[in-house]
Amino acid sequence: MSEYQIITLPLGRLYTNCYLLICGESRLAAVIDPGADAQRILDAARQAEAEISMIINTHGHWDHVGANRELQELCGAPILIHREDAAALQDGSLSLAAHFGGDPDCGSADRLLEEGDEILLGQLRLQVLHTPGHTPGGICLLGAGFLFSGDTLFNLSMGRSDLVGGDEVALLRSLQEKLYPLDDDLLVYPGHGSSSRMGYEKAHNPFLRN
């Protein structure tokens, strides 16, 4: 198994978790959900002696994509997002930028993701799991021993389904069909709140229990 490092940066008014996933061998980094404070993200990467090679959005809400464009201007990394949420990067009503009073221009997608796609980061491999329900194009990112669950799965909870594009039935289906079968030992890194383990969530999360 390739070594890796995960740095958590709670950013913005909602303390949205932005993650730096760093390949231990190549020191290439993926920024997952840069919602705010692009310079802080870049500084954290430099402090870790890592080079940002991609920006990945787990979905298109503004608190997860708000710093996309600025960060891309600073480091030149491509933006990856699921095909069904790509329009939110330029539409403030879809991203909720209008609600937050933020800039609706959150860059544009350089790569459109689909279910089952593989993302290579140095020696690391991430599998894209399409988990709609919070948004139509919500995804989780599965690595060797860890899962970035975006706003699909939280510690003892799940994401909201009452926002634009939300679908409670689809979200519960995503939890049961895509996430419940995953290994109990997986570390879970959600879009908000503290990390967890999949086995703990299966045993105690009322939305994930079989």
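Begin with the largest pocket, which in this predicted model has a volume of about 220 Å³. Of the 13 residues that line this pocket, select Leu14, Asp63, Phe100, Arg160 and Leu163, which are the closest to its centre. If you then colour the whole lining by residue character, the lining of the largest pocket divides into 5 nonpolar, 5 polar and 3 charged residues.

Next, move to helix α1, which spans residues 38-47, and select its buried residues, namely Ala38, Ile41, Leu42, Ala44 and Ala45. Turn the view until you look down the axis of α1, where these buried residues fall within an arc of 160 degrees and therefore line one face of the helix. As background to that view, an α-helix has 3.6 residues a turn, so residues three or four places apart point the same way. Now display the elements around the helix: what covers the buried residues of α1 includes the strands β1 (4-11), β2 (16-23), β3 (28-32) and β4 (51-56), together with helix α3 (68-75). On the face of α1 turned away from the buried side, select Arg46 and Gln47, which are exposed. Before leaving this region, step along the backbone to Glu49, just after α1, where phi is positive at about 55 degrees.

The next stop is Ser95, which you will find in helix α4 (residues 92-95). Is Ser95 buried or exposed? Its relative accessibility is 0%, and because buried means under 20%, Ser95 counts as buried. With the side chain of Ser95 shown as sticks, look for its polar atom that lies 3.2 Å from the backbone nitrogen of Ala97. Then, leaving aside the neighbours of Ser95 within four places in sequence, select Gly60, His61, Trp62 and Ala88, with which Ser95 is in contact.

Finish at Gln176, which sits in helix α6 (residues 168-179) and which, at 28% relative accessibility, counts as partly exposed. Which backbone oxygen does the side chain of Gln176 reach? Select Leu208 and show its backbone, since the side chain of Gln176 reaches the backbone oxygen of Leu208 at 3.4 Å. As a last selection, pick the C-alpha atoms of Gln176 and Lys202: these two residues are 26 residues apart along the chain, and their C-alpha atoms are separated by 9.8 Å.

How values were computed:
Residues are numbered from 1 along each chain as its sequence is written. This is a predicted model: local features need pLDDT of at least 70, side-chain atom pairs count only at pLDDT 80 or more; totals for chains, interfaces and linings use all residues. Side-chain values use heavy atoms; hydrogens and water are left out. Helices (H or I, at least four residues) and strands (E, at least two) are DSSP runs, numbered from the N terminus. Buried means under 20% relative accessible area, exposed over 50%, partly exposed in between (1.4 Å probe, protein chains only). A polar contact is a pair of N or O atoms within 3.5 Å; within protein, one must be able to donate a hydrogen and the other to accept it, and residues adjacent in sequence count only if both atoms are side-chain atoms. The arc is that of the directions from the helix axis to the C-beta atoms. Contact means heavy atoms within 4.5 Å. On a 1 Å grid over the protein atoms alone, a cavity is a set of points where a 1.4 Å probe fits but cannot get out, and a pocket is an open set with protein on both sides within 12 Å along at least five of seven lines; lining residues have an atom within 4 Å of a point. Grid points are joined across faces, edges and corners, and a volume is the space filled by probe spheres set on the points. Ala, Val, Leu, Ile, Met, Phe, Trp, Tyr, Cys and Pro count as nonpolar, Asp, Glu, Lys and Arg as charged, and the others, Gly among them, as polar.
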